[in-house]
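Visitor: I am new to this structure. Could you take me through it?
Guide: Certainly; please have a look at it before we begin.

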Amino acid sequence: MKRISSELKEAKTIAIGGHVRPDGDCVCSVMALYRYLQKKLPQAEIDIYLEEPPAPFHVLQGIEDIKSEFNTDKSYDLFFALDCNDERLGDALPIFRRAKKRVNIDHHISNTGCGDINIVEPERSSTAELLYDLMEPEFVDEEIAKAVYIGIAHDTGVFRYSNTSPHTMQIAADLLKFGFDFSALIEETYYEKTYFQTQIMGRAILGSVRFMDGRCIVSMVSRRMMEFYCVTPKDLDGIVNQLQGVKGVDCAIFMYETGTLEYKVSMRSNGLVDVSKVAVKFGGGGHVRAAGCTMNGTYHDNINNLSREIAAQLPK
Ligand code: AMP
Ligand code: MN
Ligand code: MN
């Protein structure tokens, strides 16, 4: 944290936030930084503002300290926005805006930096990886190591996606030396699904449709389906990745209904299409191979609008 050491020295109150519908990298980065700052600055008052993380993340120590109630007039000395820009902070945005100093740490290529201090490095696999390199090693303990490891594992699809660099693996190797049960952690937080999560995934895959000669695939989950299977958006993670795994598919689209004529869109690509560019066109963002946005309109209009952008990028 050398780049922000003077700000840290002066901070008496610190808030940490991440993006709406927090994923593994977001939750773990927030928890790793929380514990790190508690150790480095034992006098400081540190609060976390984040939506309730998915159940498996309750293996992380301190997760119960997360404030999912954003009603506060507090003006913090320092606010850390992790794994997103300010637009995706959700209800934590007013708290971020009120803070005396804002630090943005992220790895999204679409993020131009929303803080007074911006540490945005798109070549990083994850915010957790970037954060780990900012930490002074003497404060890193087993709990921080666990959180950083799971964060990296989630954003790299368990060290499988092309964002996994030799440096990513080097960090993972250093973290394993702490001796935690990495295998169980990955199983519980990444692979294990509830029965209902598995059912809705099956339903979404069954309803998927290929187009553009099989180079694109799309599927949608409506609010009615979510009610029927007793699931919430948190339970839909992983569906788009399954779709992207279909042989011959260059780009996968998954949508779920968030309101009347409103859909949250997730896209994945094998690299031929830069889905971040597609998402940015519709007010979202992300990375070359994984991006998202929210779209208004009917399901079919949204597919038409997305496929126009995708087709313009796909080599014939
Ligand atoms: P998702 O499809 O939600 O799993 O997101 C894929 C990637 O795109 C993740 O890195 C997200 O953080 C990012 N992303 C998703 N939605 C948005 C958005 N509306 N704005 C910016 N980035 C997004
Ligand atoms: Mn994220
Ligand atoms: Mn991330």
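Visitor: How many bridges join strand β8 to strand β9?
Guide: In this predicted model, strand β8 (residues 216-221) and strand β9 (residues 251-259) run parallel and are joined by six bridges.

Visitor: Which residue in β9 stands opposite C216?
Guide: C216 has C251 opposite it.

Visitor: What is the strand order of the open sheet of six strands?
Guide: The order is β7-β8-β9-β10-β12-β11, and the pairing is mixed. β7 (209-211) and β11 (285-286) stand at the edges; each has a single partner strand, so one side of each lacks a neighbour in the sheet.

Visitor: Which strands does helix α12 lie across?
Guide: Helix α12 (residues 299-313) lies across β7, β8, β9, β10 (262-269) and β12 (290-296), and runs at about 145 degrees to β9.

Visitor: On to the metals. What are the protein donors of the manganese ion (ligand 2)?
Guide: H19 donates through NE2, while D23 (OD, listed twice) and D83 (OD) supply the others, at 2.1 to 2.6 Å from the ion. Along the sequence, these donor residues follow the spacing H-x3-D-x59-D. D23 lies in the loop between β1 (13-17) and α2 (24-40), and D83 in the loop between β4 (78-82) and α3 (93-98), so this pair, 60 residues apart, links distant parts of the chain.

Visitor: Is D83 buried or exposed?
Guide: D83 is buried, because its relative accessibility is 1%. D23, in turn, is partly exposed, with a relative accessible area of 24%.

Visitor: Which residue coordinates both manganese ions, ligand 2 and ligand 3?
Guide: D83 coordinates both, and the two ions are 3.6 Å apart.

Technical notes:
Residues numbered from 1 in each chain as written. Chains lettered and ligands numbered in written order. Predicted model: local features only at pLDDT ≥ 70, side-chain atom pairs only at ≥ 80, totals over all residues. Heavy atoms only, no water. Donors = N, O, S within 2.8 Å, 3.2 Å for Na, K, Ca; no water. Helix = DSSP H or I, 4+ residues; strand = E, 2+ residues; numbered from the N terminus. Buried < 20%, exposed > 50% of the residue type's maximum accessible area, 1.4 Å probe, protein only. Pairing = 2+ DSSP bridges. Contact = heavy atoms within 4.5 Å. Axes fitted to C-alpha atoms, helices over the stretch in contact; angles between N-to-C directions.
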